[in-house]
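Visitor: Hi! I'd like to go through a structure with you. Could you bring it up?

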Amino acid sequence: MRKIMIDNVEWAEKTFGEANLGDPRRTSRLVKLAATLANTPGKPLVNITESPADMEGAYRFIRNESVDATSIAETGFNVTAGQAERHKTLLALEDTTTISYSHKSIRNELGHVNQGNRCRGMLAHSVLLFAPESQEIVGLIEQSRWTRDITTRGKRAKHASTPYTEKEGYKWESASVNMSARLGAKIDDVISVCDREADIYEYLLYKLKTKQRFIVRSMQSRHIEEGQNKLYHYASQLKSAGQKQIHIPQKGGRKARNVTLDIVFAPVTLKVPNNKRGESLPLYYVGCVEHGNSKEALCWHLLTNEPITTQAQAQKIIGYYEHRWLVEEYHKAWKSDGTNIEASRLQSKGNVERLVTINAFIAVRILQLKFAKDRPDDSSCEEVLSPKAWKLLWLKRVSKTPPDSAPSLKWAYTELAKLGGWKDTKRTGRASVKVIWQGWFKLQTILEGYELAMSLDIDL
């Protein structure tokens, strides 16, 4: 049985131990710092380092301009590439987010993030590998960060005249280029799953020419060759190939609901846009439309180069796209609920980049713990917890003798969340990253106390 969660020191060594930072002492410091941050994510360094010397060493590393954040990240990406070899099919879940800071000391070094003059920040595009067959979050395979020049606000007016490679939309192709370089031949088993922002003619053309697999949600009703129609009108005339039931969870002011979706599919050929040069794009279309005309009605128009000739294949494509939300959960775990990088008060862009990069991989670890609930029903909690840890959790939560065999992973998820203060007041059955990790941290504290007592032979 392969463990999802390992000791934070072991995890840090495995993730960053091969980093090439120009000096082995820097790599050692990186591993120690990552282990410390992973043990208590989201806390300021001053509160989690064990001694003044450790605190000074951590800050010296973060402030060291000779330490390249890109080198730190590349080591983690390569570890993910190695782990990808264990899986037959992989989804590359992609999304872009903003990392915002409001404190004035760093405003001059960061760019605008479409939040007025209150905040400055950077943007990040992340690619998270997910194995659908084993329901496992494999790791971060690509992430790019950039800042916008504050003087270019309003640049969208010049969008049409800007070369493709200079547009922010080029990030989708750039991410695929980098991912392919790291994965080598394994890229043939990877399906990129992207939201509407990736519906870019040049990106789709690149994926077709390189034979890289993809699922992209359509952003606009493009002109197609079939019947001299536009895509959405053509799709509305397709005969239903079946139905699918899905549950839309409660979020913000949106109520949870169960919906019935009609499924349609067909091969389509996208015409070259009038302002582009190139060739038509032969693709497959999969539509997923909720009954009714409500403004809240769910409607997915998906474009893919995966062959779709049966309802089962169409269902699989929709199922793959449903996992795209995981990269949004990842960004949430990274920015606020987990490692809380937006609360950092560092005062230079370089310092922020180094700390943000380390925490990017810690956020994956946090998300892996949360997603453990969705693993198969027969999964053992020993995929996450050591025998000693789950028995202590049992004694803490159940208050009676632990069973001989390990309980399920779902039991561990629920009890860790409750240990972190979860009450499930919304009756969703899903705890936030924050409370799960708080429960994890409390359990580690209990475990450390138990092991200390045993080492001193104290009768408790």
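## A chat about the model

Guide: Happy to, and K388 makes a good way in: its relative accessible area is 38%, so it counts as partly exposed. Keep in mind that this is a predicted model.

Visitor: Which residue forms a salt bridge with K388, and how far apart are the closest N and O atoms?

Guide: The partner is E451, with the closest N and O atoms 3.8 Å apart. The two residues are 63 apart and link distant parts of the chain, E451 sitting in helix 14 and K388 in helix 12.

Visitor: And E451, is that buried, exposed or partly exposed?

Guide: Partly exposed, with a relative accessible area of 38%.

Visitor: Which residues of helix 12 are buried?

Guide: Helix 12 covers residues 387-397, and its buried residues are A389, W390, L392, L393 and W394.

Visitor: What do those buried residues pack against?

Guide: They pack against helix 13 (409-419) and helix 14 (433-455). Helix 14 is also where E451, the salt-bridge partner of K388, lies.

Visitor: What about the backbone just after helix 12?

Guide: S399 is the residue to look at there, with a positive phi of about 65°.

Visitor: Back to charges, then. How many salt bridges are there?

Guide: The count comes to 20. One of them joins D54 and K32, whose closest N and O atoms are 2.9 Å apart. D54 is in helix 4 (residues 52-63) and K32 in helix 2 (residues 24-39), so this pair ties together parts 22 residues apart in sequence.

Visitor: Are D54 and K32 buried or exposed?

Guide: D54 is buried, at 14% relative accessibility, while K32 is partly exposed, with a relative accessible area of 41%.

Visitor: Got another pair for me?

Guide: Sure, try R25 and D23: their closest N and O atoms are 2.8 Å apart. R25 is exposed, with a relative accessible area of 66%, whereas D23 is buried, with 18%.

Visitor: Which residues are joined into one network by salt bridges that share partners?

Guide: D95, D195, R324 and E328 are joined that way.

Visitor: There's another arginine I'm curious about. Where is R222?

Guide: R222 is in the loop between strand 5 (213-217) and helix 8 (231-236).

Visitor: Buried or exposed?

Guide: R222 counts as buried, at 12% relative accessibility.

Visitor: What is R222 in contact with, leaving aside its neighbours within four places in sequence?

Guide: R222 then contacts D199, I200, Y201, N229, K230, L231, L270 and P273.

Visitor: Let's switch to aromatics. How many aromatic pairs does the structure hold?

Guide: Eight. In one of them, the rings of F16 and F361 have centres 5.7 Å apart and planes at 90°, so that pair is edge-to-face. F16 lies in helix 1 (residues 8-16) and F361 in helix 11 (residues 349-371), so the pair ties together parts 345 residues apart in sequence.

Visitor: How buried are those two rings' residues, F16 and F361?

Guide: F16 is buried at 0% relative accessibility, and F361 is buried as well, with a relative accessible area of 6%.

Visitor: Which aromatic cluster do they belong to?

Guide: F16 and F361 form one cluster together with W11 and F77.

Visitor: Can you show me one more ring pair?

Guide: Look at Y164 and Y170. Their ring centres are 5.2 Å apart and the planes are at 90°, so this pair is edge-to-face. Y164 counts as buried, at 17% relative accessibility, and Y170 as partly exposed, at 24%.

Visitor: Zooming out, how many helices and strands does the chain have?

Guide: The protein chain has 14 helices and nine strands. Its radius of gyration is 24 Å, close to the 23 Å that the globule rule gives for 460 residues, so the chain is as compact as a globular protein of that length. Along its principal axes, the C-alpha trace spans about 80 × 50 × 45 Å.

Visitor: What share of the residues is buried?

Guide: Of the 460 residues, 52% count as buried. The chain exposes about 22,500 Å², and carbon and sulfur atoms supply 48% of that area.

Visitor: Last one: among contacts between residues at least 6 apart in sequence, what share joins residues at least 24 apart?

Guide: That share is 63%.

Terms used. Residues are numbered from 1 along each chain as its sequence is written. This is a predicted model: local features need pLDDT of at least 70, side-chain atom pairs count only at pLDDT 80 or more; totals for chains, interfaces and linings use all residues. Side-chain values use heavy atoms; hydrogens and water are left out. Buried means under 20% relative accessible area, exposed over 50%, partly exposed in between (1.4 Å probe, protein chains only). Helices (H or I, at least four residues) and strands (E, at least two) are DSSP runs, numbered from the N terminus. Contact means heavy atoms within 4.5 Å. Rings of Phe, Tyr and Trp (its six-membered ring) pair if their centres lie within 6.5 Å; planes under 30 degrees apart count as stacked, over 60 as edge-to-face and the rest as tilted. A salt bridge is a side-chain nitrogen of Lys or Arg within 4 Å of a carboxyl oxygen of Asp or Glu. The radius of gyration is taken over C-alpha atoms; the globule rule is 2.2 Å times the number of residues to the power 0.38. Accessible areas come from the Shrake-Rupley method with a 1.4 Å probe; for residues, only the protein chains shown count as cover.
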